[in-house]
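I opened my notebook to see how the parts of this model sit against one another. Here is what I looked up, step by step.

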Number of protein chains: 4
Amino acid sequence: MRPAEDRFHEECGVCAVVGHPDAANLVYLGLYALQHRGQESAGIATWDGHRVHSHRAMGYVADIFDRKTLDRLPGEVAIGHVRYSTAGDSALTNAQPLVVNTQHGPLAVAHNGNLVNALSLRHALEGEGAIFQSTSDTEVILHLAARFRADSVEEALLAALAAVKGAYSLVVLARERVLAARDPLGFRPLLLGRLGEAWVVASESCAFDLLGAELVREVAPGEVLRLDRAGVRQIRPAASPPYAHCVFEHVYFARPDSRVFGEDVGIVRQRLGERLALEQPADADVVVGVPDSGIPAALGYSRFSGLPFVLGLVRNHYVGRTFIEPKQSIRHFGVKVKLNPVRALVSGKRVVLVDDSIVRGTTSRKIVTMLKQAGAREVHLRISSPPTIGPCFYGIDTPERRELIASSATVEVIRQFVGADSLGYLSEAGMLACLETPAENFCTACFSGRYPLLETESETLAKTQR
Amino acid sequence: MRPAEDRFHEECGVCAVVGHPDAANLVYLGLYALQHRGQESAGIATWDGHRVHSHRAMGYVADIFDRKTLDRLPGEVAIGHVRYSTAGDSALTNAQPLVVNTQHGPLAVAHNGNLVNALSLRHALEGEGAIFQSTSDTEVILHLAARFRADSVEEALLAALAAVKGAYSLVVLARERVLAARDPLGFRPLLLGRLGEAWVVASESCAFDLLGAELVREVAPGEVLRLDRAGVRQIRPAASPPYAHCVFEHVYFARPDSRVFGEDVGIVRQRLGERLALEQPADADVVVGVPDSGIPAALGYSRFSGLPFVLGLVRNHYVGRTFIEPKQSIRHFGVKVKLNPVRALVSGKRVVLVDDSIVRGTTSRKIVTMLKQAGAREVHLRISSPPTIGPCFYGIDTPERRELIASSATVEVIRQFVGADSLGYLSEAGMLACLETPAENFCTACFSGRYPLLETESETLAKTQR
Amino acid sequence: MRPAEDRFHEECGVCAVVGHPDAANLVYLGLYALQHRGQESAGIATWDGHRVHSHRAMGYVADIFDRKTLDRLPGEVAIGHVRYSTAGDSALTNAQPLVVNTQHGPLAVAHNGNLVNALSLRHALEGEGAIFQSTSDTEVILHLAARFRADSVEEALLAALAAVKGAYSLVVLARERVLAARDPLGFRPLLLGRLGEAWVVASESCAFDLLGAELVREVAPGEVLRLDRAGVRQIRPAASPPYAHCVFEHVYFARPDSRVFGEDVGIVRQRLGERLALEQPADADVVVGVPDSGIPAALGYSRFSGLPFVLGLVRNHYVGRTFIEPKQSIRHFGVKVKLNPVRALVSGKRVVLVDDSIVRGTTSRKIVTMLKQAGAREVHLRISSPPTIGPCFYGIDTPERRELIASSATVEVIRQFVGADSLGYLSEAGMLACLETPAENFCTACFSGRYPLLETESETLAKTQR
Amino acid sequence: MRPAEDRFHEECGVCAVVGHPDAANLVYLGLYALQHRGQESAGIATWDGHRVHSHRAMGYVADIFDRKTLDRLPGEVAIGHVRYSTAGDSALTNAQPLVVNTQHGPLAVAHNGNLVNALSLRHALEGEGAIFQSTSDTEVILHLAARFRADSVEEALLAALAAVKGAYSLVVLARERVLAARDPLGFRPLLLGRLGEAWVVASESCAFDLLGAELVREVAPGEVLRLDRAGVRQIRPAASPPYAHCVFEHVYFARPDSRVFGEDVGIVRQRLGERLALEQPADADVVVGVPDSGIPAALGYSRFSGLPFVLGLVRNHYVGRTFIEPKQSIRHFGVKVKLNPVRALVSGKRVVLVDDSIVRGTTSRKIVTMLKQAGAREVHLRISSPPTIGPCFYGIDTPERRELIASSATVEVIRQFVGADSLGYLSEAGMLACLETPAENFCTACFSGRYPLLETESETLAKTQR
């Protein structure tokens with residue numbers, strides 16, 4: 001049995017360091033800070049002036065790398081990757097960075113995102129004799145770059161990127177340099193930082209904090225940068241707005257201490273909670289957040305509503321991989337392994353329960369029931385984002401549409417399913433109003449069903465079934 | 001490098017199940033819930049009607065036990081133990097339950113606590129020919145019981161307990177029954193629960209929650225219970241007050257969703273924060289708690305003071321065993337691996353930083369500096385307990401006296417050391433006022449220096465040097 | 001499935017080094033050379049001038065110890081142990097060296113052998129209040145020594161040894177010295193060696209070879225030696241003959257490059273084969289030995305008979321722990337994983353197949369069938385020892401009597417069972433004639449049923465059922 | 001420290017099963033039997049009617065696969081590979097079978113051999129846009145096949161093979177069929193077997209023995225077979241002689257119970273020893289073989305010369321990965337860990353020491369010295385093959401030319417280096433005379449320097465430096 005994880009999952013995080021004698025070690029720390037973006041595999045590739053070194057494996061960053069492994073990754077240039085992947089025997093094959101040899105020399109790539117035309121490009125490439133060793137989109141980009149008879153890696157990569165559609169925030173190690181690229185709609189975040197003389201690139205600013213690096217700026221949507229000892233050079237200019245920043249990064253994915261898309265995640269989440277209290281008030285005694293992701297919004301809800309915030313749910317810090325459930329099964333065992341209500345704080349109380357989203361509804365139901373069993377008189381569930389009605393095709397692991405409870409059920413039906421006394425979602429407009437960036441620059445596809453960039457229906461379907 | 005852990009450590013947690021076909025599996029879950037009381041080794045012993053089965057190993061509960069291991073622990077009676085132990089080659093030898101054969105048959109013991117006359121008993125026993133295979137106090141109890149030519153295990157155990165002085169909350173597996181015993185001063189908690197027809201004993205009530213068991217009552221100080229298929233029988237009566245309940249269980253050790261010594265820990269901690277705000281107000285903008293132990297008191301501080309609570313420090317959830325620090329060391333690296341400030345929430349603010357205790361002061365100093373680097377204008381450190389001036393001899397792993405900063409430094413000197421703009425501790429009287437149990441029933445030795453039960457100075461010294 | 005192991009098993013090997021700065025490392029090598037005497041657990045204990053350090057674990061010597069583990073075993077005095085143990089959850093508890101604290105200080109013991117009065121001593125000790133943490137005889141010896149109120153460890157150990165009956169070749173680490181003791185009948189071997197200024201003790205001389213040490217002499221039956229920086233001192237004199245040396249050490253247990261009981265094992269085995277050819281000739285074309293233990297006798301058989309020796313059976317060198325047998329089972333799979341016939345050498349041939357012993361007969365049957373399937377025209381099985389009719393109570397792991405095919409079946413019945421065209425065993429007299437040591441100094445209990453030292457029938461029975 | 005391995009290494013072994021419900025399990029057993037051909041990584045790929053499953057890892061076959069891993073490899077068609085690879089971070093990347101997707105569908109390949117034009121093909125392919133994820137020649141073959149716009153996989157593979165030069169014995173999994181191909185010179189062995197209704201392909205016949213399969217015939221040099229449910233079909237005919245069978249397979253690589261190139265290895269090795277005795281007699285007392293590879297030739301030497309064969313060197317069966325050498329190093333430690341002389345059998349004797357080859361001479365020197373220290377009066381070293389003067393470019397891992405002692409030193413110089421009293425090699429003509437296959441069908445490049453097929457000197461040099 002695996003601890004219930006009824007949430008969307010970020011699929012990847014990337015990091016790169018250029019011009020530091022301890023590059024691999026710094027990327028390791030960067031990946032450690034980005035661990036929440038992918039917990040199933042991790043890898044690092046470096047360039048030591050002569051050749052590429054790499055190590056990747058299944059598991060957590062802190063388990064995969066030790067002093068010995070890092071010492072085998074010499075060089076002043078390094079890139080790294082963390083990945084959330086579905087189970088399967090080919091899992092390690094899909095781990096990144098992907099390292100290959102091409103006519104442009106050795107290349108290593110770490111990619112966060114998802115291409116929407118990967119399947120057709122793949123078929124076309126196979127028709128031309130390409131062999132694919134993984135099922136990742138990233139290999140498509142490499143094939144395209146390798147095929148282009150360019151004078152430089154830069155030129156070849158730009159040509160490859162011109163052919164792909166979709167979400168990509170990627171770092172490419174090409175001998176002594178790193179190329180950092182972001183798709184023109186800027187779906188996923190990518191930031192540039194500085195650590196003394198060295199340059200750092202990462203998916204979120206929390207990676208810079210652990211390294212002691214300073215945030216310089218975002219890599220702009222559409223922009224491609226070349227980083228080497230000589231500094232940072234733009235080799236493709238930024239694209240013009242409107243963009244399609246993933247609003248779910250602010251709702252749930254990014255760490256609250258990160259800054260992405262030009263705003264502080266922790267602040268945004270608190271504002272979402274305040275707005276939620278405005279839109280969906282509740283006649284209640286206390287506010288409880290679902291740890292950890294629901295806590296900032298719960299604090300915002302408490303502040304705006306004036307209802308006291310209490311730690312009514314405690315998270316178990318030692319959650320491991322698997323739990324051995326007794327033969328006589330225990331009620332709500334799955335969620336209890338992770339969360340426990342504090343009876344003394346909720347018993348006899350009318351509770352506002354704040355969470356960031358509802359996916360299948362099964363976890364929410366368990367938490368609501370658990371609170372009631374702990375004596376809560378009423379449970380008013382409040383969600384700091386709109387109903388999630390559709391899957392993501394831009395780099396987030398989501399269940400199929402039919403598994404999303406809000407894709408087919410009304411709010412009232414969902415309320416009955418989860419067993420809450422009332423249920424209120426934040427409106428899409430309300431959510432976007434909490435952000436300083438103009439609303440048209442966000443992708444809200446999973447909430448609104450308005451999908452940017454989607455290709456033929458058949459390709460979409462194929463992706464959905466993956 | 002290990003993530004800085006500048007705190008006192010609970011040394012053990014115990015759990016027992018009697019009369020359930022899945023006893024080992026339930027104890028495993030109980031230990032999982034008690035993991036915070038000991039993270040270095042764990043073990044389970046069972047009685048299957050014919051013989052004792054046991055498994056113990058170094059590591060986390062979830063890593064030590066799997067379906068196969070649990071299937072090798074058959075029987076309806078089981079006890080278990082989690083342990084925090086100092087490093088050393090003999091670590092596994094000291095892991096519990098300790099399983100032995102005696103004239104009274106096979107015995108397995110799991111013990112939370114520390115005896116103050118263990119050393120002299122040990123010397124006496126050795127003088128009579130006993131051999132010791134571990135350095136744990138628990139073995140002393142077993143030797144004493146094994147030596148007593150009694151008609152029953154119960155009689156032998158009572159005789160052994162009559163000879164020892166100190167803190168013990170222990171469970172003994174003796175064929176088809178479990179004996180649960182608590183010392184007359186009730187230093188450490190021990191509770192009795194019920195799961196259908198089965199009985200459960202555990203160090204904290206949070207273990208009952210995960211098992212779906214109900215809390216029946218505390219095992220009273222001095223009480224010894226016999227649990228078997230026939231039910232629960234008292235074989236030694238409760239002792240009279242005053243007791244010496246460890247107040248630090250409420251301050252820090254126990255889980256906030258637990259009930260110990262008759263009170264809800266989460267509620268007590270919030271009250272400690274409120275009282276702290278009363279005694280030690282601060283002219284500030286926001287309240288920040290040190291995750292996770294400082295959060296409940298910080299919420300109480302916020303509530304009483306009216307200052308808003310913000311999540312100004314984010315905890316990294318993937319903290320593993322070791323981290324590979326870069327050769328060019330990073331400032332405050334040790335604490336950054338665990339905590340990161342949310343710049344947007346603290347920058348330009350006057351921050352009240354709430355923590356539960358200060359041990360050496362080194363971690364507090366790092367956190368204060370980190371907040372200031374993140375832009376905090378002022379940092380006012382508030383501690384929800386009095387200064388810790390002495391080590392514990394009753395089952396808590398504490399540094400030696402000279403390492404405790406408050407044993408020699410004034411509050412002002414500590415303030416300068418940690419770099420805070422002001423520093424305030426809760427008073428001993430204030431702390432005790434937050435508890436409904438009368439003050440005389442608590443041991444406050446680490447705060448007050450008033451040690452119950454202490455033997456000769458030489459024995460104390462020996463213990464201190466361990 | 002485990003590779004068929006239808007043989008008697010030596011239960012243990014011991015090694016000690018005194019007066020060498022690298023003592024643990026040397027003992028590690030000694031254990032490595034003695035690995036054939038016990039493959040299920042291993043351990044080392046050292047004395048660094050202040051305290052005892054120890055490490056023991058399940059598995060092979062080379063897997064258990066690495067540079068880090070050995071570096072944690074400092075000191076100039078070390079003892080070690082390899083053990084063959086029956087499976088069970090308490091396996092690690094029984095691993096040696098056993099390390100305890102007593103009134104005589106810390107003691108570590110490594111023991112090869114088996115006591116015949118262990119059970120009654122154990123009951124008596126338990127009656128006096130002793131607690132037993134293992135099921136090994138060794139713990140009995142420690143209890144006895146610890147109880148004796150002696151002026152010295154030496155005196156205490158001698159008193160303990162005076163109380164025990166049975167087989168013991170043991171090394172005791174007692175602070176700066178090692179005591180090496182052998183029972184008066186000298187069942188199991190124990191030898192003294194010298195490496196520069198240091199002293200070495202080991203179960204077989206092959207351990208000295210790997211260390212570069214010289215064989216000095218046997219520790220005599222009954223003798224107890226004290227080894228320390230000052231040299232070697234006898235603290236109990238040798239016993240007078242007749243002895244009860246285990247003749248099976250020469251037949252199978254000891255390594256062919258070892259010297260035990262004053263004779264070279266490799267030479268003895270070749271002689272056994274020559275004598276076998278004299279007593280049990282065969283009208284055949286080639287001689288094949290069962291690898292590896294049957295090879296020396298097969299060479300002797302070939303030499304005496306004049307029939308050519310061929311490598312008709314090849315041993316697989318990569319035999320690991322377990323093999324995954326296909327669902328459609330393969331004929332003789334179990335033995336094929338270990339051995340494969342060389343068709344070209346046996347096809348159409350009348351083969352003399354030489355092995356050292358037959359236990360249950362199942363393996364012999366598989367090998368005979370395998371050879372016939374490979375085309376052998378006739379297979380004449382010749383065994384270089386007499387029929388094994390009884391279990392061992394002196395330190396060898398043997399099946400129960402009823403599992404020994406020769407305990408109930410005639411040679412002709414066994415021949416039919418194994419499917420050989422003829423079957424011949426070496427006679428007991430013939431076996432003993434191959435040894436220079438007088439016959440009366442050997443224990444032949446498993447062949448003859450004449451058991452030295454056996455206690456009451458009840459104790460024997462209890463042992464048999466274990 | 002690693003046990004000295006001063007020998008040539010076979011680089012790979014392959015196995016395939018078609019038409020058996022337990023295909024992966026059978027290939028696992030086949031690989032187990034072929035473990036001596038590659039001990040650093042292993043892998044299996046299967047086709048279950050819908051998709052390819054695969055698992056590969058570093059380590060021994062028995063460690064890599066267990067019941068769970070095999071159960072994840074369903075299907076009636078399977079191929080497998082064992083590999084000896086040089087250390088390096090890319091080791092796992094180079095493990096086989098290599099599994100890819102192409103326009104011809106999924107392909108998995110396991111390859112034994114080495115291409116001599118791999119480098120130029122690789123450069124050409126990279127120039128056309130190919131990306132290489134490994135450094136193995138096998139990927140070149142896959143790229144060539146994937147690029148060919150053929151109507152069938154068979155056609156594409158034949159086109160690819162038409163472009164490559166060198167040694168290849170390979171099996172390709174292409175959906176429901178396996179293609180088995182061997183280069184026209186037949187450098188490395190490849191055999192066809194039958195197990196009931198199923199077909200088996202393997203590098204050596206010993207794999208068939210463990211599976212209970214029958215040897216049908218060799219896959220002929222140049223031949224390509226297609227195996228599926230319908231049976232075996234030839235899709236490329238056999239090439240005409242002369243061939244270039246690797247004579248070293250008979251001298252050392254293949255298992256003595258295998259049949260390769262139409263002859264029984266065990267018989268050939270014995271004949272080499274007989275011929276060696278004829279060409280290089282010695283005035284001596286006993287013949288000793290270096291275990292295990294020198295034993296068959298030593299037996300032949302003994303038989304022809306009439307000198308008795310004795311087991312003068314004993315091999316340690318528990319040789320693991322690494323050994324912890326004491327700080328004060330032990331003389332000849334490296335070889336002693338593996339071999340120990342039986343003093344009683346060699347002391348005072350004039351010994352003929354028989355080995356199959358001398359590579360650097362360092363191991364031979366240690367063995368000779370060890371025998372002399374054990375008392376051998378004279379040591380006459382006899383080698384059952386000619387001096388090895390050159391590296392191999394056809395699938396054997398050999399040191400560079402300058403490391404081969406015989407590439408620069410005379411026999412007399414080598415004799416002095418190894419410290420033998422005399423040294424004699426078998427002549428090339430003598431070696432070839434022991435084989436029934438005509439001499440012109442063997443590659444003797446490492447002995448004679450006559451390299452078949454060698455490309456430009458630059459490519460050769462590049463290979464040599466690898």
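These entries go from chain pairs to the domains of one chain, and the model is a predicted one.

**Entry 1: chain pairs.** I looked for contacts between chain A and chain C and found none. Their closest C-alpha atoms are 14 Å apart, and contact would need heavy atoms within 4.5 Å. I then tried chain B and chain D, which do not touch either. Their nearest C-alpha atoms also lie 14 Å apart.

**Entry 2: domains of chain A.** Where do the domains of chain A run? The assignment gives domain 1 as 12–240, while domain 2 is written in two pieces, 265–316 and 336–440. I noted 35 Å between the C-alpha centres of domain 1 of chain A and domain 2 of chain A. Eight residues of domain 1 of chain A and five residues of domain 2 of chain A take part in the contact.

**Entry 3: the buried area.** An interface's size is often expressed as the accessible area lost when its parts come together. For domain 1 of chain A and domain 2 of chain A, I wrote down about 540 Å², with 60% of it on carbon and sulfur atoms. Which three residues supply most on the side of domain 1 of chain A? They are A:Asn114, A:Phe187 and A:Arg188, which supply 54% of the area this domain buries against domain 2 of chain A.

**Entry 4: what crosses over.** I searched the interface of domain 1 of chain A and domain 2 of chain A for salt bridges and got zero. Polar contacts came out at two residue pairs, both at pLDDT 80 or more. Sorted by class, the touching side of domain 1 of chain A has four nonpolar, three polar and one charged residues.

Methods: Residues numbered from 1 in each chain as written. Chains lettered and ligands numbered in written order. Predicted model: local features only at pLDDT ≥ 70, side-chain atom pairs only at ≥ 80, totals over all residues. Heavy atoms only, no water. Domains from an automatic or database assignment. Buried area = accessible area lost by both parts, 1.4 Å probe. Salt bridge = Lys/Arg side-chain N within 4 Å of Asp/Glu carboxyl O. Polar contact = N/O pair within 3.5 Å; in protein donor to acceptor, adjacent residues only side chain to side chain. Nonpolar A, V, L, I, M, F, W, Y, C, P; charged D, E, K, R; others polar.
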